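Me: I would like to request a close look at a single part of this model, namely the sheet. Please treat its strands and then its surroundings in one connected account.

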Amino acid sequence: MHPSPIYRQFTRLTIIFSLLCLQACSGPKLEPLAADAEILAFGDSLTYGKGVNSGEDYPAALAELSGRYVINAGVSGETTAQGLIRLGVQLMEHSPDLLILLEGGNDFLRNTPPDVAKANLAKMIELANSYSIPLLLIAVPEKSIFLSPSDIYEELAETYKLVLLNNELTELLKSPKMKSDTIHLNQAGYRALAEAIHLKLIESGAL
């Protein structure tokens, strides 16, 4: 007796669903963050919260959502070269349980070659690795009419087996209602970014 078409269709869907789940589960993971864990949000003005009042930045929103202490270590205008110099001091000072790295936008705005920005980010990742600090990487869009995440972030995530938030920031920066100016988010935008990071932390096992 041959299986019915409905049964065969159900079987195919089950196999597809299982493969998708396997693909999702096989990605990089993060260690669970304890209730008293500290997260270091490191980056430029998008981490600092340019365009909004104090407490309306994404690290503040992430602290509320996650129940963890989140340090805002953002500096407006910072390039990856400057961030590389500053990161070591921040890691030694705070010894965080997780590093969230969001940098590169100012490099793109200043037409720094992508390979240079990538090399600086790689050194930051290696620095975090030397302290055994897990890292979540956030992709930044390149400077162009049609925004899309720079390929360097996906390449770095693949090389270093990192959890990557790849498209979410770009999508927010495409939406005028989420921005305070042409390159910065508003309160709703920063909140949405925090929600995307929070979801990624849940999916990766950190929360």
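The account below takes the strands in turn and then the helices beside them.

Reply: The model is predicted, with local features requiring pLDDT of at least 70 and side-chain atom pairs pLDDT 80 or more, while totals for chains, interfaces and linings use all residues. Residues are numbered from 1 along each chain as its sequence is written, and side-chain values rest on heavy atoms, without hydrogens or water.

The sheet is open and is built from 5 strands, which follow the order E2-E1-E3-E4-E5 with parallel pairing. (Strands are DSSP runs of E of at least two residues, helices runs of H or I of at least four, numbered from the N terminus; strands pair if DSSP finds at least two bridges between them.) At the edges lie E2, residues 69–74, and E5, residues 163–165, each of which pairs on one side only. From one strand to the next, the twist averages 20° (angles run from 0 to 180 degrees between N-to-C directions, with axes fitted to C-alpha atoms, for helices over the stretch in contact).

Edge strand E2 is joined to E1, residues 38–43, by 6 bridges in the parallel sense. Within this pairing, Glu38 has Tyr69 of E2 as its bridge partner.

Two helices can be described against this framework. H3, residues 58–66, packs on the sheet and touches E1, E2, E3 (98–102) and E4 (135–138), contact meaning heavy atoms within 4.5 Å. The direction of H3 makes about 170° with that of E2. H7, residues 151–160, also packs on the sheet, where it touches E4 and E5. Relative to E4, the direction of H7 makes about 160°. Strand E4 is thus touched by H3 and by H7.
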